[in-house]
Amino acid sequence: MSNFKLLVEKQAEIDTIYQNCDDLIQSTVTPKMDEEVNKLLNAMDKKLTEQGFTITKTSTGFIANYQEAVINIDKHSKNLEECFFINLNNYAEDQVSIVLDMTDSMVPKISNNLDGYSEIIEQMTDKLKKAKSLEKACMSPKFIYKTQSNMVFHSAEEVVDHYFQ
C-alpha cells in the first residue's frame, strides 16, 4: 500500500505544479509572449518599410507590397507558441515560431530492464521533472525563435536579419 501512496503523492505534486504553471502562463508568460510578438512584427514592418515596401496590417499580421513582390506575414497561435508563416508571392513559404525557452529543462532518465512498479515510478519521476522544468521556464519566461528547419534565433532582430537583410 505504501507504493500506491507514493504514486498518489507524486501525482498530486505534479497536478499542483501544472496548476501553478497554468496560473503563471496567464499572469506572466502570455503578456511577455504578446510583447515578443509585437516586437517581431514591428521589427519586420520597420525593415520592410525601410526597403520600400508598402505595409497593410491584417488581423493576423500584415501584407507587404513592392512592385511585383508580395510578402504575407500570417500569425497562428498554438499552446505556448506563436507561429508566423512568411510567404513570398505564394511560391516560397517558411515558418518561424516564438516558443518558450526550455533549454534548462531536466532531461528524463531512460532505463532498461525495470520491473513494472519501478518503470511506473520512473515515468512519474520523468513527468515530475517535465512539470518542474515548465514551471521554472514560466517563472521568468524567455523566448527563442525557431524555424521549420530548426534554426534557432534569440531575438526578433536576428530573425529579421535572416529573412529580410
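What follows is a walk through the overall build of this protein and then a handful of its residues, all taken from a predicted model.

Starting with the fold, three helices and seven strands make up the secondary structure of the protein. Laid out along the sequence, these elements run α-β-β-β-β-β-α-β-β-α. The protein is more spread out than a compact globule, because its radius of gyration comes to 21 Å, well over the 15 Å that the globule rule gives for 165 residues. The C-alpha trace, for its part, spans about 75 × 35 × 20 Å along the principal axes.

On to packing and surface. Buried residues make up 35% of the 165 in the protein. Among contacts with a separation of 6 or more, 52% come from residues 24 or more positions apart. The accessible surface is about 10,300 Å², and carbon and sulfur atoms account for 51% of that. As for charge, there are 17 positive and 26 negative side chains, with 5 Å between the centres of the two sets.

Tyrosine 145 is a good place to zoom in. This residue sits in strand E6, which covers residues 143-147. Tyrosine 145 has a relative accessibility of 0%, so it counts as buried, the cut-off being under 20%. Its C-alpha atom lies 4.6 Å from that of isoleucine 98, although 47 residues separate the two along the chain. The side chain of tyrosine 145 also pairs up with the side chain of glutamate 36 through a polar contact of 2.6 Å. Setting aside residues up to four places away in sequence, the list of residues touched by tyrosine 145 includes Glu36 and Leu40, then Val96, Ser97 and Ile98. Further along the chain, tyrosine 145 touches Met151, Val152, Phe153, His154, Ser155, Ala156 and Val159.

Next comes strand E5, residues 92-100, where glutamine 95 is found. With a relative accessibility of 14%, glutamine 95 is another residue that counts as buried. Its side chain makes a polar contact of 3.4 Å with the side chain of serine 97. Beyond the residues up to four places away in sequence, glutamine 95 touches Cys83, Phe84 and Phe85, along with Lys146, Thr147, Gln148 and Tyr163.

Glutamate 93 is in strand E5 too. Here the relative accessible area is 49%, so glutamate 93 ends up partly exposed, given that exposed means over 50%. A polar contact of 3.3 Å links the side chain of glutamate 93 to that of asparagine 87. Asparagine 87 also appears among the contacts of glutamate 93 that lie outside the four-place window in sequence, together with Phe85, Ile86 and Gln148. Between the C-alpha atoms of glutamate 93 and isoleucine 73, which are 20 residues apart along the chain, the separation is 9.8 Å.

Strand E4 brings in glutamate 82. Despite being a charged residue by type, glutamate 82 is buried, with a relative accessible area of 9%. Two polar contacts involve its side chain: one reaches the side chain of serine 77 at 2.7 Å, and the other reaches the side chain of lysine 75 at 3.4 Å. Leaving out neighbours within four places in sequence, glutamate 82 is in contact with Met33 and Val37, with Lys75, His76 and Ser77, and with Val96, Ser97 and Ile98. Val96, Ser97 and Ile98 turn up in the contact lists of both glutamate 82 and tyrosine 145.

Finally, a couple of loop residues deserve a mention for their backbone. Leucine 80 is in the loop that links strand E3 (69-78) to strand E4 (81-88). Its phi is near 55°, a positive value in a residue other than glycine. With a relative accessible area of 21%, leucine 80 is partly exposed, because buried means under 20%. Asparagine 150 lies in another loop, the one between E6 and strand E7 (152-153). Asparagine 150 is not a glycine either, yet its phi is positive, at about 65°. This asparagine is exposed, with a relative accessible area of 56%.

Key: Residues numbered from 1 in each chain as written. Predicted model: local features only at pLDDT ≥ 70, side-chain atom pairs only at ≥ 80, totals over all residues. Heavy atoms only, no water. Helix = DSSP H or I, 4+ residues; strand = E, 2+ residues; numbered from the N terminus. Rg over C-alpha atoms; globule rule 2.2 N^0.38 Å. Buried < 20%, exposed > 50% of the residue type's maximum accessible area, 1.4 Å probe, protein only. Contact = heavy atoms within 4.5 Å. Areas by Shrake-Rupley, 256 points an atom, 1.4 Å probe, with all protein chains shown as cover. Charge placed at Lys NZ, Arg CZ, Asp CG, Glu CD. Polar contact = N/O pair within 3.5 Å; in protein donor to acceptor, adjacent residues only side chain to side chain.
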